[in-house]
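Student: I am new to this structure and would like a close look at one part of it, namely how the helices pack against one another. Please set that part in its surroundings as you go.

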Amino acid sequence: MNGKVAKEDLDSRIFDTLNIILLAICTVIIVVPLWNVIISSFSSGKALAEGGFIFWSPEFSLENYRAVFNDSSIWQAFFISVSKTTIGVVTHVFFCAMVGYGLSKKHIRGRKLYVAMGVITMFFSGGMIPTYLLIKSLGLLNSFWVYIIPALFSFYDVVILMNFFRNVPDSLEESAKIDGAGDWHIFLKIFIPLSMPAMATIALFNGVGQWNDFMTTKLYITDQSLYPLQMMLYEIIVQSQTQSMQNIGGSAVIETTTKGVQLATIVITTLPIVLIYPVLQRYFISGMMLGAVKE
């Protein structure tokens, strides 16, 4: 008996040790490149030109961030990114929640047909050219709403919310109907609060997608006043590569200065997501419905 306990204890220690080693390796793989980008963004053009540092820069400078913040187009792009992310997340989550709430009711006529049609859209799409023609026919080219309207619906998110709504006890809805509550009141006052963990998760992933999206801008936007931060970063990278090719064998100051601005822009575009994630993480813990109904 003691031998069996000792063997289980040894296996547990080996498993814990392997977990610690794996966690340390993953931490190094993730943290070191991120730290290097941050340190490089605070480095001078001379230090970037010489290179050779990983954890600490031999010469710090704020010129890269001054160049970014002194550019008025960066502030305009930041406003566009924040606006399209905020409006896009709110409208996307609310729209998908409404559809998911309706499809979660078994008495809805044609529910299986609607679900089948939605599942098909998860595997097949119209393609880039038909989508472009549709966006053009809707008059959304060079419009802020091209960021919002096409991203309103995702049947994948609808399925998640639909299954979450099905787990809400029927007795809650029945009690609300006895008190005279309608469908809108039940949806807004009961289902939305109880489904906050699922909605917060969808909001986070959709928000990250909206914040990092630049292909929508590249395909449908030519007005630079509607460029988000990611498109500005793309333009900086392209300009950096162009200047690098033009200055081969020449001065490295232009290249490294552009590289510094590029790194500073990367840090600025990543920072909001890094700050928002811990705030929404607390909603991931389910169990808000525990104790809501006791049979």
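Tutor: From the N terminus on, the elements of the chain run α-α-α-α-α-α-α-α-α-α-α-α-α. That comes to 13 helices and zero strands. The model is a predicted one. The chain has 295 residues, and buried residues make up 32% of them. Its accessible surface is about 18500 Å², with 67% of that belonging to carbon and sulfur atoms. Among contacts between residues at least 6 apart in sequence, 71% join residues at least 24 apart.

Now to the packing itself. Two packed helices are described by the angle between their axes and the distance between the axes. Take helix H4, residues 72–103, and helix H7, residues 155–166: their axes come within 8 Å and cross at roughly 55°. That angle makes H4 oblique to H7, because angles outside the ranges for roughly parallel (under 35 degrees), roughly perpendicular (65 to 115) and roughly antiparallel (over 145) count as oblique. The crossing of H4 past H7 is right-handed. On the H4 side, the residues that meet H7 are His92, Val93, Cys96, Ala97, Val99, Gly100, Tyr101 and Leu103. On the H7 side, their partners are Phe155, Asp157, Val158, Leu161, Met162, Phe165 and Arg166. By class, the contact of H4 with H7 holds 11 nonpolar, two polar and two charged residues.

H7 also packs against helix H5, which spans residues 111–123. Here the axes are 9 Å apart and the angle is about 140°. H5 and H7 are therefore oblique to each other. H5 brings Arg111, Tyr114, Val115, Gly118, Val119, Thr121 and Met122 to this contact, and H7 brings Phe155, Tyr156 and Arg166. The residues of the contact of H5 with H7 divide into six nonpolar, two polar and two charged. Phe155 and Arg166 of H7 are thus listed in the contact with H5 and also in the contact with H4.

Another pair follows further along the chain. Helix H8 covers residues 170–178 and helix H9 covers residues 183–194; their axes come within 10 Å and cross at roughly 145°. The crossing of H8 and H9 is right-handed. Leu172, Glu173, Ala176 and Lys177 of H8 make the contact with Asp183, Ile186, Ile190, Phe191 and Leu194 of H9. In this contact of H8 with H9, six residues are nonpolar, none is polar and three are charged.

The surroundings of H7 include the stretch before it. Helix H6, residues 128–137, has 10 residues, of which one is buried, so H6 lies largely in the open. Just after H6, Gly139 takes a positive phi of about 75°. Asn142 lies in the loop between H6 and H7. Most residues other than glycine have a negative phi. Asn142 is not a glycine, yet its phi is positive, at about 55°. With a relative accessible area of 36%, Asn142 is partly exposed.

A few single residues fill in the picture elsewhere. Thr217 is found in helix H11. Its relative accessibility is 0%, so Thr217 counts as buried. Leaving aside residues up to four places away in sequence, Thr217 touches Tyr147, Tyr227, Pro228 and Met231.

Ser225 sits in the loop between helix H11 (215–220) and helix H12 (229–246). Unlike the buried Thr217, Ser225 is partly exposed, with a relative accessible area of 33%. Ser225 and Gln76 are 149 residues apart along the chain, and their C-alpha atoms are separated by 6.9 Å. Ser225 touches Gln76 and also Ile80, again not counting residues up to four places away in sequence.

Finally, Val32 is found in helix H1, residues 2–41. Val32 is partly exposed, at a relative accessible area of 23%. Val32 and Phe55 are 23 residues apart in sequence, and the distance between them is 7.6 Å, C-alpha to C-alpha.

Terms used. Residues are numbered from 1 along each chain as its sequence is written. This is a predicted model: local features need pLDDT of at least 70, side-chain atom pairs count only at pLDDT 80 or more; totals for chains, interfaces and linings use all residues. Side-chain values use heavy atoms; hydrogens and water are left out. Helices (H or I, at least four residues) and strands (E, at least two) are DSSP runs, numbered from the N terminus. Buried means under 20% relative accessible area, exposed over 50%, partly exposed in between (1.4 Å probe, protein chains only). Contact means heavy atoms within 4.5 Å. Accessible areas come from the Shrake-Rupley method with a 1.4 Å probe; for residues, only the protein chains shown count as cover. Axes are lines fitted to C-alpha atoms, for helices over the stretch in contact, and angles run from 0 to 180 degrees between N-to-C directions. A crossing is left-handed if the near helix is turned anticlockwise from the far one by less than a right angle, and right-handed if clockwise. Ala, Val, Leu, Ile, Met, Phe, Trp, Tyr, Cys and Pro count as nonpolar, Asp, Glu, Lys and Arg as charged, and the others, Gly among them, as polar.
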